[in-house]
Amino acid sequence: MRVRLLLLALLSAPFSGQALAQEAAHEAAQDDAAPFQAFLAEVRTAATERGISATTLDTVLPSIRIHRRAVEADRSQAEFVDTYENYLRRVSPRRIERGRQLMAEHGEMIRRVAADYRVQPRFIAAIIGLESDYGTYPISEPLFDVVATLAFDGRRGAQFRAQLLAALEIVDKGLATPAEMKSSWAGALGVPQFTPTNVLEIAVDYDKDGHIDLWKVGPDVIASVANYLRRFGWESDQTWGREVTLPPGGEDTLAAPMSEGESPPRLCRSYESLGAFRGLRDWQELGVRDKEGGDLPTRNLPAALIVGDRGDDRGYLVYRNFCSIMRYNPAFRYALSVGLLADAIG
Ligand SMILES: [Ca+2]
């Protein structure tokens, strides 16, 4: 059927390439209609078992549509590995400046929340700055369409099915309205880019209005980000790590894998590629120096070394809090950019 329609389309002179693509997309959606409806019926059963009300299901489920572009975006999500230098350009003077503006505008609330959750204010500002450019990125995809399509599509079906059920529960609990549930292409909600399960487990209704408002920078966003770090073991008497200078050849000689019997901080055990944790005193003895070439701090914190780009004598010694940031997004480059932006915001 689809082939024949496409052929017809090809034969009709006025069809532009775009019209053809639309036709194909329409056809693909049609093809999936029956299985997709069966999938939604199965979701309805699971949601009912979870205690989600019929009213919520009647409101949300019939309006869910297949969102082809979410699948395309998901498949094209590049596993592209950028250089540190390029990636860290997102810690730009503009972003630093806007972080300072955020602190000027919301500083009182950020400091209050920071004290409650024992997380230094600059890290809250930096995460908001990197996740959604301080809430200015357009985050406008329909969450239910996105997660239902990705759950149906299969590549990470089970994961997104869990997110779909969590999203239904958010609406059922009145924490957000269906119309508010706007996300990225990957189904991450609002300014802090929380998954629906994050919203249920970690987000905070800080102003206690019964609603979790993740769609503008305010008390709920600020407290939710702080609670995320708190939940994953943040230590407020430490920082994330620091940029360092490596001795000549250090990028090869110092990047040691974890040896047998060596134990990284508990929080960091899932990140084996960080390599060995050593005390700052050991790193000092091995010739690592601070960014300006001076001695490392005397507090003997356990730290792992990220060597950065080849041919660059810059590296990073990271402490256990670095692993809390990795829980937000498990990429060294991401966690480094949070730390560096936080320090630059000050
Ligand atoms: Ca609220």
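Let me start with strand 3, residues 241–245, and strand 7, residues 314–318, which pair in the antiparallel sense over five bridges. One of the places where you can follow this pairing is G241, whose bridge partner in strand 7 is V318. I should say straight away that we are looking at a predicted model, and that the values I give are computed from it. These two strands belong to an open sheet of five strands, in which the order is 4-6-7-3-5 and the pairing is antiparallel. Strand 4, at 277–279, and strand 5, at 289–290, stand at the edges with a single partner strand each, so one side of each is left without a neighbour in the sheet. As a general reminder, strands of a sheet pair through backbone hydrogen bonds, either parallel or antiparallel.

From the sheet we can move to the second largest pocket, which holds about 400 Å³ of space. Of the 20 residues that line this pocket, the closest to its centre are E243, K291, R314, Y316 and L340. The elements that give two or more residues to the lining are helix 5 (84–87), strand 3, strand 7 and helix 15 (332–345), and so we meet the two strands from my opening again. Sorted by class, the lining of the second largest pocket has seven nonpolar, three polar and ten charged residues.

Now, please compare that with the cavity. How many cavities of 30 Å³ or more are there? The count comes to one, and about 30 Å³ of space lies in the largest cavity. Its lining is made by I170, L175, A176, M181, V199, I212, L214 and W215, and by class these are eight nonpolar residues, with no polar and no charged ones.

Next comes the calcium ion, whose protein donors are D205, D207, D209 and D220 through OD atoms, with D220 listed twice, and H211 through its O atom, at 2.2 to 3.1 Å from the ion. If you follow these donor residues along the sequence, their spacing reads D-x1-D-x1-D-x1-H-x8-D. Is the site regular or irregular? The angles among the six donor atoms run from 46 to 162°, and the site is irregular. For comparison, the ideal angles for six octahedral donors are 90 or 180 degrees. Two of the donor residues also have accessibility values that I can give you: D207 is partly exposed, because its relative accessible area of 39% falls between the limits of 20% and 50%, and D209, at 49%, likewise counts as partly exposed.

Let me turn to two residues with backbone angles that deserve a look. Y134, in the loop between helix 7 (121–132) and strand 1 (141–142), has a positive phi of about 60° although it is not a glycine. Y134 is buried, with a relative accessible area of 7%. Q193, which is also not a glycine, has a positive phi near 55°, and it lies in the loop between strand 2 (182–183) and helix 10 (196–201). Q193 is buried because its relative accessible area is 16%, which is under the 20% limit.

I will finish with S324, which lies in helix 14, residues 320–328. Is S324 buried or exposed? At 0% relative accessibility, S324 counts as buried. Its C-alpha atom is separated by 8.5 Å from that of Y228, although S324 and Y228 are 96 residues apart along the chain.

Note on methods:
Residues numbered from 1 in each chain as written. Predicted model: local features only at pLDDT ≥ 70, side-chain atom pairs only at ≥ 80, totals over all residues. Heavy atoms only, no water. Donors = N, O, S within 2.8 Å, 3.2 Å for Na, K, Ca; no water. Tetrahedral: all angles 85-135°; square planar, octahedral: opposite > 155°, others 65-115°. Buried < 20%, exposed > 50% of the residue type's maximum accessible area, 1.4 Å probe, protein only. 1 Å grid on protein atoms, 1.4 Å probe; cavity = no way out; pocket = protein on both sides within 12 Å on 5 of 7 lines; lining within 4 Å. Points joined across faces, edges and corners; volume = space filled by probe spheres on them. Nonpolar A, V, L, I, M, F, W, Y, C, P; charged D, E, K, R; others polar. Pairing = 2+ DSSP bridges. Helix = DSSP H or I, 4+ residues; strand = E, 2+ residues; numbered from the N terminus.
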